[in-house]
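Me: I would like to go through this model term by term, asking each time what a label rests on. Please set each value against its definition.

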Amino acid sequence: MSASARVTAPTPSEIRASKGAEPLVMLTAYTTPMAQMMDDHVDMVLVGDSVGMVLHGLPDTLGVTMEMMCLHGAAVKRGLHKAMMVVDMPFGSYEESPEQAFRNAAALMRDTGAAAVKLEGGVTMAETIRFLTARSIPVMAHVGLTPQAINTLGGYKVQGRGDDRARVMADAKAVAEAGAFSVVLEKVPASLSDEITSALDIPTIGIGASANCDGQVLVVDDMLGLFTAFKPKFVKRYGTLGADGETAIKAYADEVRARSFPGPEHVFADEVPTK
Ligand code: KIV
């Protein structure tokens, strides 16, 4: 069913069952107004830990905390009625043990109203994904480039080229077998993304992957042109909100300095107007 025709949010089981149907549309959001803007048009909204870089000016996602994810998750949920919300588990909140992951995933779902959590990692996270899904926590997995691992991956590099291909395929198969209802493939060569999409019985959501994935996700501030610190190759800019915003702010500053704002229509008379 198309997002605009829907009256309630899809569930993780429905997302899983939609494999092979119309491509799934997903964007990130971090605030209520942004969530409201996309609610009619997307199937899923990700409260990504990219919030740390996009809204808080952090150099990477490693400094993002549970408190930040709970605060932004709750704000996004207030703007959604039709799209399903997934919240990222921040670095350090799930890797230690399945029990630690359960505690923090349950807190994220309780405090934000999210339908599911997303966590990064393949084979090494399979046991945790199995533990969470067996305890009523739907998990979206994330393999390929996993930004929380930049210090061990050596940067934001494409994953799965050459000899590395089998590792990324094994990661994708492991998370699907462990019970993830879908999996994000980030910065994985298109031919490998296609092979993974064919091999798995759960939807693949691509970002820098392939048009043949079962869905696509982008960071909303990237595609709107609001976040302009850098632009990865996989981002297409659908808007120029950053540049437009700067133009508007400069016009405001010029008008304040010229005393042409506020104009007569923006100020109040001594008396209450008669009509
Ligand atoms: O944090 C995020 O925004 C993400 C997407 C890029 C998939 O994980």
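Me: Why is Ala29 called buried or exposed, whichever applies?

Reply: Ala29 has a relative accessible area of 0%, and buried means under 20% relative accessible area, exposed over 50% and partly exposed in between, with a 1.4 Å probe and protein chains only, so Ala29 is buried. Ala29 lies in the loop between β1 (24-28) and α2 (32-38), and its C-alpha atom is 21 Å from that of Ser93, 64 residues away in sequence. This is a predicted model, in which local features need pLDDT of at least 70 and side-chain atom pairs count only at pLDDT 80 or more, while totals for chains, interfaces and linings use all residues. Residues are numbered from 1 along each chain as its sequence is written, and side-chain values use heavy atoms, with hydrogens and water left out.

Me: What makes Met109 buried, and where is Met109 found?

Reply: The relative accessible area of Met109 is 19%, so Met109 is buried. Met109 is found in helix α5 (residues 98-112), where a helix is a DSSP run of H or I with at least four residues, a strand is a run of E with at least two, and both are numbered from the N terminus. By that scheme the protein has 11 helices and eight strands, and 51% of its 275 residues count as buried.

Me: Which of the opposite words, buried or exposed, fits Ser136, and which fits Ser210?

Reply: Ser136 has a relative accessible area of 63%, so Ser136 is exposed, whereas Ser210 is at 8% relative accessibility and therefore counts as buried. Ser136 lies in the loop between α6 (126-133) and β5 (139-144), and its phi is near 70 degrees, a positive value in a residue other than glycine. Ser210, for its part, lies in the loop between β7 (204-207) and β8 (215-218).

Me: How do you know which residues are around the ligand?

Reply: A residue is near a molecule if one of its heavy atoms lies within 4 Å of it, and the residues around the ligand are Thr28, Leu46, Gly48, Asp49, Ser50, Asp88, Lys118, His142, Ile207 and Val219. By class, this shell has three nonpolar, four polar and three charged residues; Ala, Val, Leu, Ile, Met, Phe, Trp, Tyr, Cys and Pro count as nonpolar, Asp, Glu, Lys and Arg as charged, and the others, Gly among them, as polar.

Me: What distances separate side-chain atoms of Asp49, Ser50 and Lys118 from oxygen atoms of the ligand?

Reply: A polar side-chain atom of Asp49 is 2.9 Å from a ligand oxygen atom, an N or O atom in the side chain of Ser50 is 2.5 Å from a ligand oxygen, and for Lys118 the corresponding distance is 2.9 Å. A polar contact is a pair of N or O atoms within 3.5 Å, so the distance of 2.5 Å for Ser50 falls within that limit. The protein covers 94% of the 260 Å² of accessible area that the ligand has on its own, an area that comes from the Shrake-Rupley method with a 1.4 Å probe.

Me: Where does a cis peptide bond occur, and what is its omega?

Reply: The cis peptide bond joins Phe261 and Pro262, with omega about 0 degrees, and Pro262 lies in the segment after α11 (241-257).

Definitions and conventions:
Polar contact = N/O pair within 3.5 Å; in protein donor to acceptor, adjacent residues only side chain to side chain.
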